[in-house]
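I opened the coordinates to work through the fold, the strand pairing and a few backbone angles. My notes follow in the order in which I looked things up.

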Amino acid sequence: MPMVQLVYSSQPTKQMASRDLMEILDVARERNQDARITGLLCYAGSHFLQVLEGERKQVCETFYRIADDERHSDVTIIDYNYPPERLFTDWTMGYAGLGEIRRELIRRHAPDGEVASLLPDAGSVMAFVRDVAHELSHGFLSPD
Ligand code: FAD
């Protein structure tokens, strides 16, 4: 079964408190571990950005479940590709939240500092996600 990577954006249907995010992550990490899915969830206030990677069937099933979730809307696939290997080997679901993503890091990719400005271009989204992953794995951001 081929390995796929799916990237989507969405908009929270309400302002997310840390407790709401932790509830999402607790379930996500448990379910993703069972499905051998890895990835990253970024919460940037106005938007979620999430990368899911794993076997195609598992990624699609998980994505359909996520897309149905009433805690967010405007779920939009940004990229779907077949990477040679996983980008997020260590995380059943890494997490970077609003307060942790440095303004400078966002501005490096979106000069106006708005994550929404990245969304039309899949390449910019992936470059941003890679930078966030790099910072997470080097301990510059807290993984949860
Ligand atoms: P159930 O637990 O039966 O929930 C059904 C519906 O009830 C949900 O779709 C949601 O609308 C609502 N709901 C459930 N729990 C709550 C709650 N605590 N507060 C308010 N409403 C609730 N799941 C994964 O498996 N992997 C992921 O990587 C993942 N990432 C997510 C990212 C985001 C941004 C969001 C919003 C959700 C994510 N989820 C993820 C959760 C996913 O949407 C499902 O809720 C979860 O997988 C359980 O599926 P289920 O069919 O058993 O849903």
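Entry 1, surface. Accessible areas here come from the Shrake-Rupley method with a 1.4 Å probe. On that basis I read about 7,600 Å² exposed for the protein chain, with carbon and sulfur atoms supplying 49% of it. I note at the outset that this is a predicted model.

Entry 2, overall layout. I counted four helices and five strands in the protein chain. Read from the N terminus, the order is β-α-β-β-α-β-β-α-α. The radius of gyration came out at 14 Å, close to the 15 Å from the globule rule for 144 residues, so I put the chain down as being as compact as a globular protein of that length. The C-alpha trace spans about 40 × 30 × 30 Å along its principal axes.

Entry 3, burial, contacts and charge. I found 45% of the 144 residues buried. Of the contacts with a separation of 6 or more, 76% are between residues 24 or more positions apart. I also looked up the charges: there are 15 positive and 23 negative ones, and their mean positions lie 2 Å apart.

Entry 4, strand β3. I took residues 48-55 next. Seven of the eight residues of β3 are buried, so I list this strand as largely enclosed by the rest of the structure. Which strands pair with β3? One is β1 (residues 3-12), antiparallel to β3 and joined to it by eight bridges. Another is β2 (residues 38-43), also antiparallel, with six bridges to β3. For the β2 pairing I noted Leu-40, whose bridge partner in β3 is Val-51. The β2-β3 hairpin has four residues between its strands, and in it Gly-45 takes a positive phi near 80°.

Entry 5, strand β1. Eight of the 10 residues of β1 are buried, so this strand too goes down as largely enclosed by the rest of the structure. On the β3 side, Leu-6 has Leu-52 as its bridge partner, and Ser-10 has Phe-48. I then checked β4 (residues 72-81). Seven bridges join β1 to β4, and the two run antiparallel. Leu-6 stands opposite Tyr-80 there. Leu-6 thus has a partner in β3 and one in β4. For reference, side chains in a regular strand alternate between the two faces of the sheet.

Entry 6, Gly-54. This glycine lies in strand β3. Is Gly-54 buried or exposed? Its relative accessibility is 0%, and with the cut-off for buried set at under 20%, Gly-54 counts as buried. Leaving out residues up to four places away in sequence, I found that Gly-54 touches Pro-2, Met-3, Val-4, Arg-36, Val-59 and Arg-86. I also took one distance: Arg-19 is 35 residues from Gly-54 in sequence, and their C-alpha atoms are 27 Å apart.

Entry 7, positive phi outside glycine. Arg-36, one of the residues that Gly-54 touches, has a positive phi of about 55° although it is not a glycine. I located Arg-36 in the loop between α1 (18-35) and β2. Arg-36 counts as partly exposed, at 48% relative accessibility. Asp-74 is another residue other than glycine with a positive phi, here near 50°. I placed Asp-74 within strand β4.

Notes: Residues numbered from 1 in each chain as written. Predicted model: local features only at pLDDT ≥ 70, side-chain atom pairs only at ≥ 80, totals over all residues. Heavy atoms only, no water. Rg over C-alpha atoms; globule rule 2.2 N^0.38 Å. Buried < 20%, exposed > 50% of the residue type's maximum accessible area, 1.4 Å probe, protein only. Contact = heavy atoms within 4.5 Å. Lys, Arg positive; Asp, Glu negative; His and termini not counted. Charge placed at Lys NZ, Arg CZ, Asp CG, Glu CD. Pairing = 2+ DSSP bridges.
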